[in-house]
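Trainee: Could you take me slowly through one part of this model, namely the place where the two chains meet?

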There are 2 protein chains.
Amino acid sequence: MIEIEAIGTIHTPYSAKDFCPSQPVEREEGEARLVVDPRFEAGLADLAGFRYIYAIFHLHAQDQEPTMQVKPPWAKGVSVGLFASRSPNRPARIGISVVRLKKIEANVLTTGLIDVYDGTPLLDIKPYIKELDAKADANYGWIEGLDGHQHLLDHIRGIPHAHHEHKHHHHHHDD
Amino acid sequence: MIEIEAIGTIHTPYSAKDFCPSQPVEREEGEARLVVDPRFEAGLADLAGFRYIYAIFHLHAQDQEPTMQVKPPWAKGVSVGLFASRSPNRPARIGISVVRLKKIEANVLTTGLIDVYDGTPLLDIKPYIKELDAKADANYGWIEGLDGHQHLLDHIRGIPHAHHEHKHHHHHHDD
């Protein structure tokens with residue numbers, strides 16, 4: 001086992017007792033706050049110029065043994081391998097999100113919404129550097145094979161769209 | 001402290017005694033192998049359709065206390081905040097790389113080269129999903145303010161280019 005030190009805490013509108021959206025949600029609404037331990041505040045220098053950052057966090061609310069097959073809540077019952085999913089229930093319980101950086105005030109970062117429970121331990125922050133991290137030729141893997149995958153991609157992109165075929169559900173968190 | 005379980009090991013051409021390139025290197029040459037513990041092999045199902053994956057790893061060779069200001073080896077002596085850098089010497093010692101997935105055979109993934117030492121513990125694999133992870137409007141933060149930053153971006157992109165101004169150096173690893 002490897003020991004990892006948290007550098008702070010993520011605050012979101014999602015209490016652990018309430019539900020938390022799964023990955024493909026409209027992300028334009030709402031904010032998260034990343035509160036960094038004051039010991040590490042000086043390490044935030046020069047970060048504010050980046051439009052996006054990686055938030056890396058510990059999926060602390062997961063208390064079940066991971067299973068090697070999962071059914072992502074938005075994927076219409078399709079079962080896929082755990083590492084082909086972004087399910088939060090994985091051996092290392094590390095989550096990552098690419099998130100818009102809005103402002104930094106002392107040791108507190110305000111970002112776009114992150115789909116994790118309030119109080120999630122923050123493990124690291126890294127700059128998202130376009131040439132390293134933005135792969136224009138990336139694809140969608142097995143998601144492309146789903147019926148109605150264009151609808152799911154609209155969700156992921158946060159584009160408003162009609163729901164003709166199915167109702168909204170409350171999902172459990174899926175990083 | 002949070003305990004994290006490794007899921008496997010990353011094999012690269014870089015022995016820990018030798019040097020290891022820093023982030024902005026030509027990445028088209030060479031390969032890495034991600035050897036996943038056989039316990040987790042079934043979790044690799046459905047992953048092969050993704051062009052890129054995130055490799056998440058433990059920067060195990062770092063044995064110094066992190067400092068809150070760092071000088072990235074390719075950044076011409078500029079000093080920046082630790083969290084505005086991809087320096088490997090950070091509190092949580094977690095590294096992430098977006099890497100091209102070439103093939104999966106049983107429990108072994110062959111990928112583009114990852115700039116980590118051979119034997120680095122692999123913590124997680126996640127699919128890189130274009131709509132979530134590829135931000136076309138991402139930027140370069142403080143890197144844009146460096147003299148000759150276009151040259152650095154050529155390095156990052158892996159575009160062949162002339163070196164008029166400076167010699168190659170052997171760097172220490174910088175995730």
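Mentor: We should begin with a term, since two residues are in contact here if their C-beta atoms, placed from the backbone, lie within 7 Å. This is a predicted model, and in it 60 residues of chain B are in contact with 60 residues of chain A. On the side of chain B that touches chain A, the elements giving two or more residues are the strands E1 (2-4), E4 (52-58), E6 (80-81), E7 (94-105) and E9 (120-127), together with the helices H1 (130-133) and H2 (149-157) of chain B. The most comes from E9(B), which gives six residues to that side. Sorted by class, the side of chain B that touches chain A has 38 nonpolar, eight polar and 14 charged residues.

Strand E1 also links the chains by pairing, for E1 of chain A (residues 2-4) and E1(B) run antiparallel and are joined by three bridges. Within this pairing, A:Ile4 stands opposite B:Ile2 in E1(B).

Two loops that lead into elements named above deserve a careful look as well. In the loop between strand E3 (31-36) and E4 of chain B lies B:Asp46, whose phi is near 75°, a positive value in a residue other than glycine. B:Asp46 counts as buried because it has 21 C-beta neighbours inside 10 Å, and the cut-off for buried is 20 or more. The loop between E6 and E7 of chain B holds B:Arg93, a residue other than glycine that likewise has a positive phi, near 50°. B:Arg93 has 22 C-beta neighbours inside 10 Å and therefore counts as buried.

Conventions. Residues numbered from 1 in each chain as written. Chains lettered and ligands numbered in written order. Predicted model: local features only at pLDDT ≥ 70, side-chain atom pairs only at ≥ 80, totals over all residues. Helix = DSSP H or I, 4+ residues; strand = E, 2+ residues; numbered from the N terminus. Nonpolar A, V, L, I, M, F, W, Y, C, P; charged D, E, K, R; others polar. Pairing = 2+ DSSP bridges. Buried ≥ 20, exposed ≤ 12 C-beta atoms within 10 Å, placed from the backbone.
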